[in-house]
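User: Hi! I'm new to reading protein models and would like to go through one with you. Could you take me through it step by step?

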Amino acid sequence: MTTTRLDVAVQEQAELGEGPTWDPVTGRLIWVDIISARVHTYDPVSGRRTVMATEQHVGAAKPRAGGGLVVNLRDGIGLYDPDGAFHWLAHEPEPGRRGNDAAVAPDGALWAGTMRYDGETGGSLARIAPDGAVTRVLPVVACSNGIGWSPDGRLMYFIDTPTRRIDVFDFDGQHVVNRRPFVTLEQGAGFPDGLTVDAAGAVWVALWDGAAVRRYTADGALDRIVELPVQRPTACAFGGTDLRDLYITSARTGLAAPHPLSGSLLVLPDAGHGMPATAFAR
């Protein structure tokens, strides 16, 4: 089924909008502009927005159980306290590399990816425990992107964008094994970027240079296509008080003639039913 109904939640010219995450405590959507080093929030009830500058490129920002944010920065994982104070949780600078997409697992650990600025293979995927302990899960990744878990927590989905695949692992709560393809995108469909998993276990994926978001059922069948006016959607997440609205971030970086909405936060009302996000357990 192809869907074209779409609203604009926040009209913005983000260079590389990414990582939408619903925070049920504040009733706001959190998203980032990686290249502009900004963390945005949006309250769909009041329309109120905030923008916070970070000292480095920020690949992802997620709520913490104790308030504030955990952020995947250029040089590692940082924490913002509720009062705005910043400190490093895992400081691991590597020249030419930055943080990219990240997600919080059901146990409250952060799974965070990195990538090289030059696009060459040299990124990784790591698990960061609340105490800051880092476990390198995938040491060699080109562009670490979408991460998500099945409703029962027994599967983890992961995207290394240049492979054109969504992969799936068996997940025991802390470790992944048995990596295998879940979906392989056909040539011309764009590249898989960020993803989210809904309450039915279906995977929604944003297609960079594909101008669309797709929904794949739990058995990997293409179920729905959401056509978009923007060429480079980057990620998607369910939000709103009942988690039924699908929010979609987008980018304008690298485009000679971007659409006027490129870089905006879009929303597909009543798209389905998402799962509550887990806060980082610190």
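Analyst: Happy to! One bit of vocabulary before we look: Ala, Val, Leu, Ile, Met, Phe, Trp, Tyr, Cys and Pro count as nonpolar, Asp, Glu, Lys and Arg count as charged, and the others, Gly among them, count as polar. Keep in mind that this is a predicted model.

User: Okay, so how do the residues of the lining of the largest cavity divide into those classes?

Analyst: Seven of them are nonpolar, five are charged and four are polar.

User: And how much space lies in that largest cavity?

Analyst: About 120 Å³. The structure holds one cavity of 30 Å³ or more.

User: How does anyone find empty space inside a model?

Analyst: A probe the size of a water molecule is rolled over the atoms, and that shows where empty space is left.

User: Neat. Which residues lie nearest the centre of the largest cavity?

Analyst: Those are Gly76, Ile77, Glu92, Thr114 and Arg136, out of 16 residues that line the cavity.

User: Which strands supply at least two residues of that lining?

Analyst: Strand 8, strand 9 (76-80), strand 12 (110-116), strand 13 (123-128) and strand 14 (134-141) each do. Strand 13 gives the largest share, with three residues.

User: Switching to sheets. What is the order of the strands in the sheet that has strand 8 in it?

Analyst: The order is 7-8-9-10, in an open sheet of four strands with antiparallel pairing.

User: Why is one side of strand 7 and of strand 10 left without a neighbour in the sheet?

Analyst: Strand 7 (58-63) and strand 10 (86-91) stand at the edges and have a single partner strand each, so one side of each has no neighbour in the sheet. On average, neighbouring strands here are turned by 25° against each other, direction ignored.

User: How many bridges join strand 7 and strand 8?

Analyst: Five, in the antiparallel sense, with strand 8 covering residues 69-73. As an example, Pro63 has Leu69 in strand 8 as its bridge partner.

User: What about the sheet with strands 3 to 6 in it?

Analyst: That one is an open sheet of four strands in the order 3-4-5-6, again with antiparallel pairing. Strand 3 (17-23) and strand 6 (49-53) are at its edges with a single partner strand each, so each has one side without a neighbour in the sheet. The twist from one strand to the next averages 20°.

User: And which residue in strand 5 stands opposite Asp33?

Analyst: Arg38 does. Strand 4 (residues 28-33) and strand 5 (residues 38-42) pair over five bridges in the antiparallel sense.

Notes. Residues numbered from 1 in each chain as written. Predicted model: local features only at pLDDT ≥ 70, side-chain atom pairs only at ≥ 80, totals over all residues. Heavy atoms only, no water. Pairing = 2+ DSSP bridges. Axes fitted to C-alpha atoms, helices over the stretch in contact; angles between N-to-C directions. 1 Å grid on protein atoms, 1.4 Å probe; cavity = no way out; pocket = protein on both sides within 12 Å on 5 of 7 lines; lining within 4 Å. Points joined across faces, edges and corners; volume = space filled by probe spheres on them.
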